Structure formats: structure tokens, C-alpha cells
Amino acid sequence: MNEILSIGMSKAKQALLTGCSAGGLASLIHCDNFRHLLPKGATVKCLADAGFFLDEKDILGNSTMKSFYKDVVQLQGVAKSLHKKCLAKMEPSKCLFSSEILKNIKTPVFLVHPAYDFWQIHNILVPQGSDPHHRWKSCRLNIQSCDANLMDTLNSFRSSLLRTVNEFQQRKDIGMFIDSCFIHCQTLIGETWYSPNSPKINNKTIAESVADWFFDRQAVKLIDCPYPCNPTCHNLDFTRV
């Protein structure tokens, strides 16, 4: 940041800090600090793409993600980057979850997130070793292969996401585009970000929705209906990889 501020960004009038997956989480962690580095009169906002990781138990009832975050905090010394108000209330690993970070962010934030995020399904809901009888083998690779019982579990996971983000529905500065796609990051390539075939909610692409929010045209709280209702989704099929 010191480098790019020194070559012109210190005069920026508009800035958007964004990242995908772990980078999306990082964009939330550093959002307010990013805002403070730029001119007071500038429009500064942050976008997290597939960075809203849930504090949910896996199919065996284990808190896999919470345990992983404890290891990350310990290994990388993350606590110094987390919000002091949160650290005063709970252990550092809990403050690494996006829902806790958002409670303390003052800078406007936009969440782009798939309700059937394959990374979270593979690593939080059904992590390696949690499915010894391979009931989830096909479903993890292609959502079209999920039977009714497995879809019930996936929809419960989606409901947990919606309950968590519902807390932020009343904040006008927080925008949302939560589609029902089996994918992870969606802002990195034009095909899902902004093209004739991009995923849409209420006939709006991700790029159009983010633009409406960034330029204060309107509040954006777009939440899709459950799978398989959205034919514009780019659902990944790992059986083809």
C-alpha cells in the first residue's frame, strides 16, 4: 500500500478493495484500514467474493472450520490484525469468521457469495474423512448428482448462510448478491462477472449489482431462490476435471 500510495493512489477519488476466497476474507479484515489510508473525500468500499466462511459443523458434528481457524491464528499470529472489540469478547479464532468481522466494519461492504459454495461443501460441510461410506462422493463432485436427502443437508447449510447474513440486512452500506450456484469465486472471470451468460438474480448480473451499490444508485440485497431454480448459474462439474 505504501508503494502504490506513493505513485498516485494517495490522490484516488474512488477505490474498491476486493478479493476472492481467502482474499475475500482478507478484504474484510483490512477494509477499514484500507479506508484510512485514502483521502477522506474519496469513495472507498470493499467487496468479498466467496469469503463469507461459515462457523458450521460438518456432517459428523465436528467443528472442522473452527478448528482450522484456531490453527491459522496460532501459526500466523493473526490476532494482531483482528478487531479489538471482538477480541475483548471472544477468542481470536472466532473473530476470524466473516460474520464477526462485519459487525465491526464501518466501511461499506459488498458480499458476492454462492449459497452452494463448493469449497465450503468440500471443506466445512463434508471435509475429507467425514464420509467413510462415500454417500457424498458423487454429490461433492456435481450438485446434479445429489439425492433428495443430501439436498436437504445442502439446503440446511444454505439456510445457515441466510440466517447469518440476515443480521446485516438492515445496514444500507452492506450489499449482497447471493446466488444459488455450485461454484466458488465469481468475480475473477468475465463469464460469471459480466457477460450475456453471467449468473443473474432479478435479471441483474453480479457486475451490474455491484455497480448499483458502489455508485449509490440503490440498495442491493439480492438473495436467490434455492437450487435448482436459477438457470443462469455456472454450476461446476468436477467429474469433468
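This is a short walk through the sheet, the helices packed on it, the disulfides and the aromatic contacts of a predicted model.

Let me begin with the sheet, since I will place several of the other features by reference to it. Five strands make up an open sheet, and going across it we meet them in the order β1-β2-β3-β4-β7, with parallel pairing. The edge positions are taken by β1, residues 14-20, and β7, residues 221-223, and because each has a single partner strand, one side of each is left without a neighbour in the sheet. If we ignore direction, neighbouring strands are turned against each other by 15 degrees on average. Further in, strand β2, residues 43-49, and strand β3, residues 109-114, run parallel and are joined by 4 bridges, and if you want one register point to look at, Ala48 has Leu111 in β3 as its bridge partner.

Two helices can be placed against this sheet. Helix α2, residues 22-29, lies across β1, β2 and β3, and its direction runs at about 140 degrees to that of β1. Helix α9, residues 148-166, also packs on the sheet, where it touches β3, β4 and β7, and it makes an angle of about 170 degrees with β4, which spans residues 174-179.

A third helix, α11, covers residues 206-214, and here I would draw your attention to burial, since 8 of its 9 residues are buried. Among the buried ones are Ile206, Val210, Trp213 and Phe214, but Ser209 and Asp212 belong to that set as well. Just after the helix, Asp216 adopts a positive phi of about 55 degrees.

The end of α11 brings us to the aromatic side chains. How many aromatic pairs does the structure hold? There are 10 of them, and I will describe two by their geometry. For Phe68 and Tyr69 the ring centres are 6.2 Å apart and the planes stand at 35 degrees, so this pair is classed as tilted. The two residues are covered to unlike degrees, in that Phe68 is partly exposed at 43% relative accessibility, while Tyr69 is buried at 3%. For Tyr116 and Tyr227, by contrast, the planes are at 65 degrees with the centres 6.0 Å apart, so the pair counts as edge-to-face. That second pair links distant parts of the chain, with Tyr116 in the loop between β3 and α7 and Tyr227 in the segment after β7, 111 residues away in sequence, and both tyrosines are buried.

There is also a cluster, in which ring pairs link Phe110, Trp213, Phe214 and Phe215. Two of these rings have a charge over them, and in both cases the residue that supplies it is Lys45: its charged end sits over the ring of Trp213, 4.9 Å from the centre, and it lies over the face of Phe214 at 5.5 Å from the ring centre.

Finally, the disulfides, of which the structure holds 6. When the bonded cysteines are numbered in sequence order, the pairing reads 1-9, 2-3, 4-5, 6-7, 8-12, 10-11, and I will go through three of the links. In the link between Cys20 and Cys185 the sulfur atoms are 1.7 Å apart, and with 75 degrees about the S-S bond it is right-handed. Since Cys20 lies in strand β1 and Cys185 in the loop between β4 and α10, the pair ties together parts that are 165 residues apart in sequence. Cys185 itself is buried, with a relative accessible area of 18%, which can be set against the 20% limit for that class.

The link between Cys181 and Cys233 has an S to S distance of 2.0 Å and is left-handed, with -80 degrees about the S-S bond. It again connects distant parts, Cys181 being in the loop between β4 and α10 and Cys233 in the segment after β7, 52 residues apart, and both cysteines are buried. The last of the three joins Cys225 to Cys229 at 1.9 Å, and its 100 degrees about the S-S bond make it right-handed. Here both ends are partly exposed, Cys225 with a relative accessible area of 37% and Cys229 with 33%.

How values were computed: Residues are numbered from 1 along each chain as its sequence is written. This is a predicted model: local features need pLDDT of at least 70, side-chain atom pairs count only at pLDDT 80 or more; totals for chains, interfaces and linings use all residues. Side-chain values use heavy atoms; hydrogens and water are left out. Buried means under 20% relative accessible area, exposed over 50%, partly exposed in between (1.4 Å probe, protein chains only). Two strands pair if DSSP finds at least two bridges between them. Axes are lines fitted to C-alpha atoms, for helices over the stretch in contact, and angles run from 0 to 180 degrees between N-to-C directions. Contact means heavy atoms within 4.5 Å. A disulfide is a pair of cysteine sulfur atoms within 2.5 Å. Rings of Phe, Tyr and Trp (its six-membered ring) pair if their centres lie within 6.5 Å; planes under 30 degrees apart count as stacked, over 60 as edge-to-face and the rest as tilted. A charge sits over a ring if NZ of Lys or CZ of Arg is within 6 Å of the ring centre and within 35 degrees of the ring normal.
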